[in-house]
Amino acid sequence: MERKTHREIVKGWYPFSREEIKQYVSRGIWRNLTFGDILDRNVANIPDKPAVIDDTRSVTWLELAQKADRLALHFKRLGLEYGDFVVMITPNVVEFYFLLFGLARIGVIPVMGLPRHRRKEVSYLASLHEAKAIVVPVGEKFDYVGMVREFRSDTPILKHFCTLGGPPVGGWTSIEKLLEERIEENYPKDHLAQFKPDPNDIVVEQLSGGTTGLPKGIPRTHNDYIYIWDYVGRREGNTDESVCLCIPPVAHNMPISDIAGPMFLRGGVTVITKSTRPEDHFRIIEKHRVTNVDLVPVLISYWMEAGEVMKKYDLSSLKIVACGAQKAKPEIVRWCIEKLGVSFCNTFGMTEGPVIATRWDSPKEAQLNTVGRPILTDELVTIKLVDNDNGEVPPGAVGELVVRGPMMTFKGYFRNPEETAKSFDEQGFFHTGDLMSVRPDGRYVVEGRKKDMIIRGGENVYPEPVEGWLMKHPRVANAAVVGMPDAKLGEKLCAFIQATGGQTITFAEVQQFMKEQGVAVYQWPERLEVAQGWPLTPVNKIDKRLLRGFVTYRLLEEGLIDVALGDEFLAKDKLTVDDIRTGKVKIDFTGSPG
Ligand code: AMP
């Protein structure tokens with residue numbers, strides 16, 4: 001009898017249709033391989049070559065496979081079944097990959113929690129996925145074990161509590177201990193083969209910011225991830241000699257799809273670090289002869305500031321810098337090309353699939369000013385730029401990027417029909433919420449965002465939930481959260497708050513209140529403006545455009561930003577700081593929305 005696959009077992013998932021699978025495979029886009037197949041191939045061909053290196057250890061392909069398989073056997077023994085979910089938070093250590101490949105062997109799905117997630121997100125993820133197990137780090141700055149203890153009684157389905165790193169915790173399973181126990185000696189060599197997943201099974205549950213402030217689940221399959229590894233790898237010129245450095249959290253989509261994944265596929269080396277200090281990065285590049293690094297703009301600006309320190313190190317091995325998550329300004333790109341002497345893969349990417357990027361061999365001008373072309377060209381891929389009525393905009397004009405076909409790597413948000421329905425239109429196009437234009441040479445330029453999302457140093461934050469958390473405070477009558485310009489992070493959060501009946505509220509109180517609610521720090525406002533009333537739109541809504549204008553002008557007056565940054569930030573609102581300074585645009589804080 002045929003074994004059931006995740007398609008039949010996992011409820012609330014939107015798998016690709018059988019027809020899509022057939023088409024994508026027959027066109028050579030999908031390879032019908034699993035993560036385990038890739039691992040086995042590397043063990044057969046390059047067993048003793050380093051696969052992953054962290055701050056203290058180097059692991060070969062053979063060791064990676066042995067450790068992954070050992071964990072897989074332990075997890076089976078603990079009772080984890082094909083199609084179960086495990087919420088996982090790990091720092092940038094090699095064990096992450098033991099877990100990733102170990103779970104992939106047996107079709108158990110890791111939910112990619114991030115170190116910055118707190119009780120609110122983690123407890124939600126555990127309940128949403130009816131997770132049977134959770135893995136959290138010990139010995140980090142934050143007490144994750146204590147956090148889990150706060151909500152574990154509300155999540156009775158959660159049965160297995162595992163620690164990673166640090167001293168063992170009573171009643172919890174230590175991943176290090178499991179890795180020491182040679183459980184495989186009790187089983188035939190091919191024991192795990194019977195649990196082998198299907199290439200169209202979910203291999204990883206990725207996450208993205210949600211409009212509710214809680215993450216949205218993006219189930220990703222072996223087939224769609226391995227396709228991305230292939231095409232991103234081509235764009236970044238990856239070969240078996242590539243050594244790629246990963247600085248962002250390893251579980252995030254970008255490190256898996258753009259850094260480690262292409263290395264797995266090509267047999268290159270993934271180097272990971274916990275450090276965010278530029279000097280450590282330079283030392284690592286020199287030591288391991290790193291050829292590629294994937295960064296976000298804020299990290300590049302830290303590197304730029306450390307230009308003097310950089311001179312002490314030999315970075316001549318570095319050939320390619322890829323950068324995404326937020327718009328990379330031309331001066332950042334120019335610094336990389338001219339000072340680091342690298343080629344720049346300027347990337348627009350989404351966990352949901354669309355990736356548009358410049359290539360290692362694109363002209364410098366294109367790397368400076370555009371995010372290049374879509375990574376996949378196939379007649380099944382349709383990309384359009386549309387206006388508010390979903391009509392295609394004329395050539396050169398700005399429109400929302402919408403995508404259909406095999407460049408998409410998901411079909412819907414996990415157990416979230418509302419967000420899924422909002423994101424796809426009747427013709428099956430995924431609406432990215434990002435505004436772009438396309439040049440006559442087919443290269444795309446990121447022009448802004450339609451969605452009301454703030455990108456803080458590469459982290460996506462939706463304002464509505466932050467407003468909701470603020471409104472729970474007894475002295476907050478109304479709150480509006482907007483992005484404000486920041487030279488390093490691109491944007492930060494500013495909260496406008498109207499206090500109840502003549503009372504007041506301080507910034508420190510706001511911060512404390514977010515902390516008490518277990519909200520992750522990146523969603524806390526970094527500036528407070530106390531408002532007596534509101535500027536309103538013609539339909540009596542709070543005019544966030546004017547709030548952005550107001551706070552931008554304030555920052556300018558306080559010497560925290562310059563005119564160029566202010567104007568650049570306000571461009572999407574069709575405002576300038578001068579409009580506000582001269583009173584051409586009036587901001588009137590007297591209205592009451594309704
Ligand atoms: P995520 O799925 O978390 O990687 O977030 C995807 C979102 O990040 C996109 O929808 C964009 O809003 C934003 N993003 C990614 N790359 C870029 C880029 N190069 N320029 C501007 N925004 C970007």
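User: What makes a space in this predicted model count as a cavity?

Analyst: A cavity is a set of grid points where a 1.4 Å probe fits but cannot get out. By this rule, the count for the predicted model comes to 1 cavity of 30 Å³ or more.

User: How much space lies in the largest cavity, and which residues line the largest cavity?

Analyst: About 30 Å³ of space lies in the largest cavity, and its lining consists of Trp-13, Tyr-14, Pro-15, Phe-16, Pro-219, Phe-410, Lys-411 and Gly-412. By class, this lining divides into 6 nonpolar, 1 polar and 1 charged residues; since Gly is counted among the polar residues and Lys among the charged ones, Gly-412 and Lys-411 fill those two classes.

User: Why are H17 and H18 called roughly perpendicular to each other?

Analyst: The axes of H17 (residues 463–471) and H18 (residues 507–516) come within 10 Å and cross at roughly 100°. Angles of 65 to 115 degrees count as roughly perpendicular, and H17 and H18 are therefore described in that way.

User: Which residues make the contact of H17 with H18, and how do they divide by class?

Analyst: Val-466, Trp-469 and Leu-470 in H17 meet Val-510, Phe-513 and Met-514 in H18, and these residues divide into 6 nonpolar, no polar and no charged.

User: Why is H4 called oblique to H5?

Analyst: The axes of H4 (residues 61–78) and H5 (residues 95–105) come within 7 Å and cross at roughly 60°. That angle lies outside the ranges for roughly parallel, roughly antiparallel and roughly perpendicular, the last of which begins at 65 degrees, and so H4 is oblique to H5. The crossing of H4 with H5 is right-handed.

User: What makes up the contact of H4 with H5?

Analyst: H4 contributes Leu-64, Lys-67, Ala-68, Asp-69, Leu-71, Ala-72 and Phe-75, while H5 contributes Tyr-97, Phe-98, Leu-99, Phe-101, Gly-102, Leu-103 and Arg-105. By class, the contact has 10 nonpolar, 1 polar and 3 charged residues, with Lys, Asp and Arg counted as charged.

User: Why is H12 described as oblique to H14?

Analyst: The axes of H12 (residues 297–305) and H14 (residues 330–340) come within 10 Å and cross at roughly 50°. Because this angle is neither under 35 degrees nor within 65 to 115 nor over 145, H12 is oblique to H14. The crossing of H12 and H14 is left-handed.

User: Which residues of H12 and H14 meet?

Analyst: Pro-297, Ile-300, Trp-303 and Met-304 in H12 meet Glu-331, Ile-332, Trp-335, Cys-336 and Leu-340 in H14. The residues of this contact divide into 8 nonpolar, no polar and 1 charged.

Note on methods:
Residues are numbered from 1 along each chain as its sequence is written. This is a predicted model: local features need pLDDT of at least 70, side-chain atom pairs count only at pLDDT 80 or more; totals for chains, interfaces and linings use all residues. Side-chain values use heavy atoms; hydrogens and water are left out. Axes are lines fitted to C-alpha atoms, for helices over the stretch in contact, and angles run from 0 to 180 degrees between N-to-C directions. Helices (H or I, at least four residues) and strands (E, at least two) are DSSP runs, numbered from the N terminus. A crossing is left-handed if the near helix is turned anticlockwise from the far one by less than a right angle, and right-handed if clockwise. Contact means heavy atoms within 4.5 Å. On a 1 Å grid over the protein atoms alone, a cavity is a set of points where a 1.4 Å probe fits but cannot get out, and a pocket is an open set with protein on both sides within 12 Å along at least five of seven lines; lining residues have an atom within 4 Å of a point. Grid points are joined across faces, edges and corners, and a volume is the space filled by probe spheres set on the points.
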